[in-house]
Amino acid sequence: MKKRVTLTFPKRAIHQPITYRLAKDFNVAANIIRAQVAPNQIGKLVVELSGDIDQLEEAISWLEDHDIGVSQANREILIDEDSCVHCGLCTGVCPTRALTLAPDTFKLNFARSRCIVCEQCIPTCPVQAISTNL
Ligand code: SF4
Ligand code: SF4
């Protein structure tokens with residue numbers, strides 16, 4: 001199964017080879033969707049973990065035992081349809097084509113099922129029409 005989680009690293013854990021340990025010790029693949037890690041700061045990684053359900057849970061416990069915060073909340077993208085001006089800028093950064101402009105109407109179309117909540121679209125919107133529920 002697959003699980004999207006946000007990992008928060010304290011300073012001392014930033015240099016741990018997380019993806020290597022998850023693969024080697026738990027047979028869990030970690031696909032990094034978004035990373036915000038700067039030297040000497042708290043780091044955040046949005047990752048999609050794939051593996052056997054029991055091993056996924058063991059991997060998450062291992063992360064927590066190593067002081068890495070694991071958030072599994074169901075974060076979702078919200079589009080404020082009243083603010084959106086259908087400029088299409090957000091569609092250019094969406095890696096999964098969850099955001100597209102309809103070819104006939106040139107209106108923004110959001111396919112929620114394709115969205116991996118990478119949040120890359122949020123800063124591109126000139127009218128701040130994109131946000132998250134959490
Ligand atoms: S959060 Fe990522 S996947 Fe979802 S609509 Fe925005 S850019 Fe696309
Ligand atoms: S960038 Fe903002 S205004 Fe432009 S289409 Fe996307 S949501 Fe709408």
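**Exercise 1. Which residue in strand 3 stands opposite V5?**

Work through the pairing of strand 1 in this predicted model, and then place strand 1 in the order of elements along the chain.

*Solution.* Begin with the residue itself: the residue of strand 3 that stands opposite V5 is V47. Next, widen the view to the two strands, for strand 1 and strand 3 are paired in the antiparallel sense through eight bridges. Then turn to the other partner, strand 4 (residues 69-71), which runs antiparallel to strand 1 and is joined to it by three bridges. Within that second pairing, L7 has V70 of strand 4 as its bridge partner. Finally, set these strands in the chain as a whole, which has two helices and eight strands, arranged from the N terminus as β-α-β-β-α-β-β-β-β-β.

**Exercise 2. Which elements give two or more residues to the largest nonpolar core?**

Describe this core from its members outward, and name some members of the second core.

*Solution.* Start with the members: the largest nonpolar core holds 14 residues, and those that touch the most other members are L22, V28, A30, V47, L49, L56 and A59. The elements that contribute two or more residues to this core are strand 1 (2-9), helix 1 (18-26), strand 3 (43-50) and helix 2 (53-65), with helix 2 supplying the largest share, four residues. To see the packing around one member, take A59, which touches L22, F26, V28 and L49 when residues up to four places away in sequence are left out. A second core, separate from this one, has 10 residues, including I77, A98, L99 and L108.

**Exercise 3. How many residues does each domain give to the contact between domain 1 and domain 2?**

Locate the two domains, and then characterise the side of domain 1 that touches domain 2.

*Solution.* First fix the bounds, which come from a domain assignment: domain 1 covers 2-71 and domain 2 covers 77-132. Their centres, taken over C-alpha atoms, are 28 Å apart. The contact draws on five residues of domain 1 and four residues of domain 2. On the side of domain 1 that touches domain 2, the elements giving two or more residues are strand 2 (29-36) and strand 3. By class, that side of domain 1 has two nonpolar residues, three charged residues and no polar ones.

**Exercise 4. Which residues come nearest to ligand 1, and which to ligand 2?**

Set out the two shells by residue and by class, and then examine C87.

*Solution.* For ligand 1, there are 14 residues around the ligand, of which C94, A98, C115, C118 and C121 come nearest. By class, this shell consists of 11 nonpolar residues, two polar residues and one charged residue. For ligand 2, there are likewise 14 residues around the ligand, and here C84, C87, L89, C90 and C125 come nearest. The shell around ligand 2 divides into 11 nonpolar and three polar residues, with no charged residue.

Now follow C87, which is placed in the loop between strand 5 (77-79) and strand 6 (99-101). C87 counts as partly exposed because it has 15 C-beta neighbours inside 10 Å, a number that falls between the cut-offs of 12 or fewer for exposed and 20 or more for buried. Along the chain C87 and F106 are 19 residues apart, while their C-alpha atoms are separated by 8.7 Å.

**Exercise 5. Why does R97 count as exposed, and why does E119 count as partly exposed?**

Compare the backbone setting and the surroundings of these two residues.

*Solution.* Consider the backbone first, with the background that most residues other than glycine have a negative phi. R97, although not a glycine, has a positive phi near 60°, and E119, also not a glycine, has a positive phi of about 70°. Next, place each residue: R97 is in the loop between strand 5 and strand 6, whereas E119 is in the loop between strand 7 (108-110) and strand 8 (130-132). Last, count the neighbours: R97 has 11 C-beta neighbours inside 10 Å and therefore counts as exposed, while E119 has 16 inside 10 Å and therefore counts as partly exposed. As a setting for these individual cases, buried residues make up 19% of the 134 residues in the protein chain.

Note on methods
Residues numbered from 1 in each chain as written. Chains lettered and ligands numbered in written order. Predicted model: local features only at pLDDT ≥ 70, side-chain atom pairs only at ≥ 80, totals over all residues. Near = placed C-beta within 6 Å. Nonpolar A, V, L, I, M, F, W, Y, C, P; charged D, E, K, R; others polar. Core = buried A, V, L, I, M, F, W, Y, C linked by C-beta atoms within 7 Å. Contact = placed C-beta atoms within 7 Å. Domains from an automatic or database assignment. Pairing = 2+ DSSP bridges.
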